Amino acid sequence: MLEPPVQMATELNKPTQIRYFLRYLKTHIPTAYTSNDSQRMTLAFFTLCALDLLDALHTNITESEKAGYVDWVYRCQHPDGGFRGFTGADVGDAENEENKHWDPANIAATYFALANLAILDDDMGKVNRRGCLNWLKRLQKSDGTFGEALGLDGEVLGKKDMRFCYCAAAIRWILGGDREEEQDIDVDGLLRFFEASQVGKILSRNIIGG
């Protein structure tokens, strides 16, 4: 005899979801996620964003904890512009020309860092705004797309990826890049790429995240 179908919950169990994300926010990364340690900024965004959407962030953290989270985000800020995904690659005073490419800022971490600061109600006064915008401009390719990071000799790393383009547009908007003509990205080039990526035109192109 067939078993009756399992009835799925029709309402979001907010208390369970809140406990789940608070665990991630206030304890160590679970074992299953340790391989993603270099993506801490991303994990932090989804955790903070989830709690904020559940209206449970600011009621479950103290001002001291909030200040600590903000401080950690700023410690991920790269001196050449942008943000790292975590602090583990920062070698501090040991950095030199041979090893500095192992500690790059990347475009996704930069977007998530700025979003985290916004969620935490930071005024972003410590963001190296001009440095970040200049770094962002260097990430743009001749076809209007954006890479993920800068490698040796300023090489733009990363394939064509619509997600990188989204991050770039968001970073520019958050930091007011439209007010910095000399440091602004090639907006027209990015728009041309968006238009060319519409369904029907994308079939012959190899674009990730389209």
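How many residues line the largest pocket, and which of them lie nearest its centre? The legends below take this up first, then move on to other close-up views of this predicted model.

**Figure 1. A close-up of the largest pocket and its lining.** The lining is made of 23 residues, and those nearest the centre of the pocket are Y24, L25, I29, R40 and A44. Three elements each give two or more residues to this lining: helix 1 (14–26), helix 2 (40–53) and helix 3 (63–75). Helix 2 gives the most, with six residues. The space in the pocket comes to about 580 Å³. By class, the lining residues of the largest pocket are 15 nonpolar, five polar and three charged.

**Figure 2. A close-up of the second largest pocket.** Here the space is about 330 Å³. The pocket is lined by 17 residues, and D80, K100, R138, L150 and G151 are the closest to its centre. Sorted by class, the lining of the second largest pocket has seven charged residues, five polar and five nonpolar.

**Figure 3. Helix 2 where it meets helix 4.** Let us stay with helix 2, which also appears in the lining of the largest pocket. Two packed helices are described by the angle between their axes and the distance between the axes. For helix 2 and helix 4 (residues 107–119), the axes come within 9 Å and cross at roughly 35 degrees. The crossing of helix 2 with helix 4 is left-handed. On the helix 2 side, the residues that take part are M41, T42, A44, F45, F46, L48, C49 and D52. Their partners in helix 4 are A109, F112, A113, A115, N116 and I119. This contact holds eleven nonpolar residues, two polar and one charged. Look out for A44 in particular: this residue of helix 2 is part of the contact with helix 4, and A44 is also among the residues nearest the centre of the largest pocket.

**Figure 4. Helix 5 and helix 6 side by side in close-up.** The axes of helix 5 (residues 129–139) and helix 6 (residues 162–175) cross at roughly 155 degrees and come within 11 Å. Helix 5 is therefore roughly antiparallel to helix 6. Their crossing is left-handed. Helix 5 brings R129, C132, L133 and L136 to the contact, while helix 6 brings A168, I171, R172 and L175. Of the residues in the contact of helix 5 with helix 6, six are nonpolar and two are charged, with no polar ones.

**Figure 5. The whole protein chain, to help you place the close-ups.** The chain has seven helices and two strands. Reading from the N terminus, the order of elements is α-α-α-α-α-β-β-α-α. The C-alpha trace spans about 65 × 50 × 35 Å along its principal axes.

Key:
Residues are numbered from 1 along each chain as its sequence is written. This is a predicted model: local features need pLDDT of at least 70, side-chain atom pairs count only at pLDDT 80 or more; totals for chains, interfaces and linings use all residues. Side-chain values use heavy atoms; hydrogens and water are left out. On a 1 Å grid over the protein atoms alone, a cavity is a set of points where a 1.4 Å probe fits but cannot get out, and a pocket is an open set with protein on both sides within 12 Å along at least five of seven lines; lining residues have an atom within 4 Å of a point. Grid points are joined across faces, edges and corners, and a volume is the space filled by probe spheres set on the points. Helices (H or I, at least four residues) and strands (E, at least two) are DSSP runs, numbered from the N terminus. Ala, Val, Leu, Ile, Met, Phe, Trp, Tyr, Cys and Pro count as nonpolar, Asp, Glu, Lys and Arg as charged, and the others, Gly among them, as polar. Axes are lines fitted to C-alpha atoms, for helices over the stretch in contact, and angles run from 0 to 180 degrees between N-to-C directions. Angles under 35 degrees count as roughly parallel, over 145 as roughly antiparallel, 65 to 115 as roughly perpendicular and the rest as oblique. A crossing is left-handed if the near helix is turned anticlockwise from the far one by less than a right angle, and right-handed if clockwise. Contact means heavy atoms within 4.5 Å.
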